[in-house]
Amino acid sequence: VGTGVGSDSGSGRGGDGEYITPPYARTVLLPADCAHGRFTVQFWVNADGTVSRVTVDPPPKGGGCQQEMRDKMMGFRFLPARTRDGRAVAATYQVQLQH
């Protein structure tokens with residue numbers, strides 16, 4: 001067992017998780033039409049490329065626009081993160097959007 005990330009054991013020294021390639025958006029990420037300003041969006045991307053959770057900071061003004069932004073962000077699809085051996089894994093992805 002090493003000091004790195006993961007649950008495997010063996011004679012190695014462990015790893016730091018940096019060998020994982022990050023997820024990649026399949027399309028251009030654009031904020032909802034109602035949202036104006038600059039936003040930091042964090043996506044939790046599943047191993048199949050779907051989004052399981054999203055946060056937007058700062059949240060758009062107005063409850064309706066917040067929901068529209070969340071719905072739009074949840075609809076994006078990604079090429080999933082991959083380990084060095086090509087296995088798809090869940091990961092987070094952060095981006096700044098401006099509208």
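How many bridges join strand β2 to strand β7, and in which sense do the two strands run? I opened the notebook with this point, keeping in mind that the model is a predicted one.

**Entry on the strands.** I found that β2, residues 38-45, and β7, residues 91-98, run antiparallel and are joined by eight bridges. I then turned to strand β3, residues 51-57, and noted that β2 pairs with β3 over six bridges, again in the antiparallel sense. To follow one residue through both pairings I chose V41, whose bridge partner in β7 is V95 and whose bridge partner in β3 is V56.

**Entry on the hairpin and what follows β3.** I looked at the hairpin of β2 and β3, where five residues lie between the strands, and noted that G49 takes a positive phi near 90 degrees. I went on to the peptide bond from D57 to P58, which I recorded as cis with omega near -5 degrees. P58 itself I placed in the loop between β3 and α1, the latter spanning 63-74. For comparison I wrote down that most peptide bonds are trans, and that most residues other than glycine have a negative phi.

**Entry on T83.** I asked whether T83, which sits in the loop between β5 (81-82) and β6 (88-89), is buried or exposed. Its relative accessibility is 7%, and because buried means under 20%, I entered T83 as buried. Leaving aside residues up to four places away in sequence, I listed Y19, I20 and V89 as the residues that T83 touches.

How values were computed: Residues numbered from 1 in each chain as written. Predicted model: local features only at pLDDT ≥ 70, side-chain atom pairs only at ≥ 80, totals over all residues. Heavy atoms only, no water. Helix = DSSP H or I, 4+ residues; strand = E, 2+ residues; numbered from the N terminus. Buried < 20%, exposed > 50% of the residue type's maximum accessible area, 1.4 Å probe, protein only. Contact = heavy atoms within 4.5 Å. Pairing = 2+ DSSP bridges.
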